[in-house]
Amino acid sequence: MENQTEQQEQCFLHQGFILKERVLGLGPQRAEKLLQTQYKLCCTSAERAGDQILLRRHFYVCPCCGARIPAYIRYFPTKGQKSPPGLSDDLIRQWIRFPQADKPVLQLNLPLTGKKILICPVCGLDGARSDDIQLVKLKGKPGCITVSGKLRKGEGCPSAWPCLSEHETEVEERAILDMENGSIRLVLQEADRILWERQLIRWECWYQKDPLLSVFFRNPFLQKFRKMFRKYYPGAIPFQDAELHLEQILYLTRYIGYSRSFYLTVQTLLQPLSDIVMEGLDLPTVSGGMHRKEKLPGIIQTLEVSGYQPINQLLQSRPEFLLFLGEIEQLERLFEDSNYLYMLMKSPLSIWVLYYLHFYGRIWEVLRQLKTQYDSEWIYHQLTDLSSLECMVELSAMEPAMYRKMIQGQRGAWRASPLILQRRIPEMHAGQFFAPELVGEYLFASMMTAWEFSKAERDGVECLRLFQNMDYGYTYVGIWKCGTCRAVLEIQDYTVCRIEPSINTDIHKSRLFQAVQEWCSQMWYDILGD
């Protein structure tokens, strides 16, 4: 007998835009009144059938967001082709009131039935017209959900193509969300034999093009998946349904029982790596013990750094520090004084310093060389200065003999490095950095790299042109929600000089402006023109 706690569902999804037709039958008076509005621009024709007027309309259904877009040129504009103005109200009124036997049909608009490539004006999906149906199966039980679908040759992750070249038949692709063990696996298998397997440890851009993972961007599938995910998730979910996208689902599966700010911190740290397709590029963990929050007190008690009570309390209140436990222990040995380690962990730059020390492992060689000439206090001040930290990154990329020579020869001119730092913001220091802070449903975080400006630009915020202004003392803070940049603040001299919202955000109708006011009051900042 099948286990009653298990649940199986099927979801039929369109693989492209679907052209549909609807017919609305109205009396002559109601049809005349309706066709005097903008509704006439969404109709193909009006046909006389006895005492009724049949209004025929065509529209495309977006496979991603489910929006219904009228299938006419004004809604899918093309270069060099203008939309027709539509029939005049007098001509429509004359056709309805004075029937003519030779004109039973009045052509209102020409539908775009032959268009192959379409762009949804609501969600921006760039896709093709298709009548194919994709079957996706959902199987859930406490602590585990499996999503599966058929995969054809030439589809899926590029690294899996060699495994599919020898198989002419369809292969099944599965995404297994094992919440009990904190792992997400993408598996290709034929019958019971596994052909290819990969761990999904962070968000990557190719997920949107994968035949199976792309279904997580479609509302019809997400509605069923979110319901099943909440049913079988072994903990509280600090996100609303509208925020539960694939990126949040990945981190919720890996880490269970944490606060909302923890998941947003992990998401912020891993966002710059989304364009890099490389296995193993991830945040570290503590022997898998960080999977569940209730196990953290036992882990913290076994750490060497937990002997200092203020650091112990800090690890309890901010568990994201345990993602960089190896770096924290090395810093304690480098400083030889727990007080400096505690001050570094309390600084607003702490998470980003540990982030750099992890992903640029050779910085430790530079730090040890600097420690032979400078004391712990000097090292602490350099680590909390983003310009000096970036200089260390550049030095660590050189040959050891070269950076030793530069360190010894530039003892008094360390800050005036002649190196061109591609990732560094010009002359940015700790005073221009703001630790990520959650205000209501919005996350306020400093714009630190050109990637963040370009990401905000892709989200509809025209801010990439402002990047060069950082040379003149301007600071920029991004306002994020659900992984999307909603606005960017321009700050100078403790005053918010400008608020650049995205094209899809109304700062006054939404709660965005209220969140900005609350954040500014906490930071003791003024808003220009407020």
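Colleague: Among contacts between residues at least 6 apart in sequence, what share joins residues at least 24 apart?

Modeller: The share is 64%. Contact means heavy atoms within 4.5 Å. This is a predicted model, in which local features need pLDDT of at least 70 and side-chain atom pairs count only at pLDDT 80 or more, while totals for chains, interfaces and linings use all residues. Residues are numbered from 1 along each chain as its sequence is written, and side-chain values use heavy atoms, leaving out hydrogens and water.

Colleague: How many helices and strands does the chain have?

Modeller: There are 17 helices and 19 strands. Both are DSSP runs numbered from the N terminus: H or I over at least four residues for helices, E over at least two for strands.

Colleague: Why is Val147 called buried?

Modeller: Its relative accessible area is 0%. Buried means under 20%, exposed over 50%, partly exposed in between (1.4 Å probe, protein chains only). Val147 is therefore buried. Val147 sits in strand β10, residues 144–151. Beyond four places in sequence, its contacts include Leu138, Ala175, Phe216, Phe221 and Phe225. Glu173 is another; the two C-alpha atoms are 8.3 Å apart, across 26 residues of sequence.

Colleague: And Arg292, why is that one called buried?

Modeller: Its relative accessible area is 14%, so it passes the cut-off and is buried. Arg292 lies in the loop between α6 (260–270) and α7 (296–301). Leaving aside neighbours within four places, it contacts Glu180, Pro234, Ile256 and Tyr258. Across the chain, 49% of the 530 residues are buried.

Colleague: What makes a set of residues a nonpolar core?

Modeller: The members must be buried Ala, Val, Leu, Ile, Met, Phe, Trp, Tyr or Cys, joined through side-chain atoms within 4.5 Å. The largest such core has 103 residues. Val147, Phe229, Leu331 and Leu383 are among those with the most contacts inside it. Helix α11 (350–359) gives the most to this core, seven residues.

Colleague: Which residues is Leu331 in contact with, leaving aside neighbours within four places?

Modeller: Leu341, Leu344, Leu354, Leu357, Trp364 and Leu383. There is also a second, separate core of 18 residues, including Tyr442, Leu489, Ile491 and Ala515.

Colleague: How do you know that the span of α17 agrees with its number of residues?

Modeller: The expected span is 1.5 Å times one less than the number of residues. For the twelve residues 512–523 that gives 16 Å; the end C-alpha atoms are 17 Å apart, which agrees.

Colleague: Why say that the buried residues of α17 line one face?

Modeller: They are Leu512, Phe513, Ala515, Val516, Trp519 and Cys520. Down the axis they fall within an arc of 155°, so they line one face. The arc is that of directions from the helix axis to the C-beta atoms. An α-helix has 3.6 residues a turn, so residues three or four places apart point the same way. Their cover includes β14 (437–439), β16 (475–481) and β18 (495–501).

Colleague: What makes β14 and β19 edge strands?

Modeller: Each pairs on one side only. Two strands pair if DSSP finds at least two bridges between them. The open sheet has six strands, β14-β15-β16-β17-β18-β19, with mixed pairing. β18 and β19 share two bridges, in the parallel sense, so they count as a pair. In β19, Asp526 is the bridge partner of Thr495.
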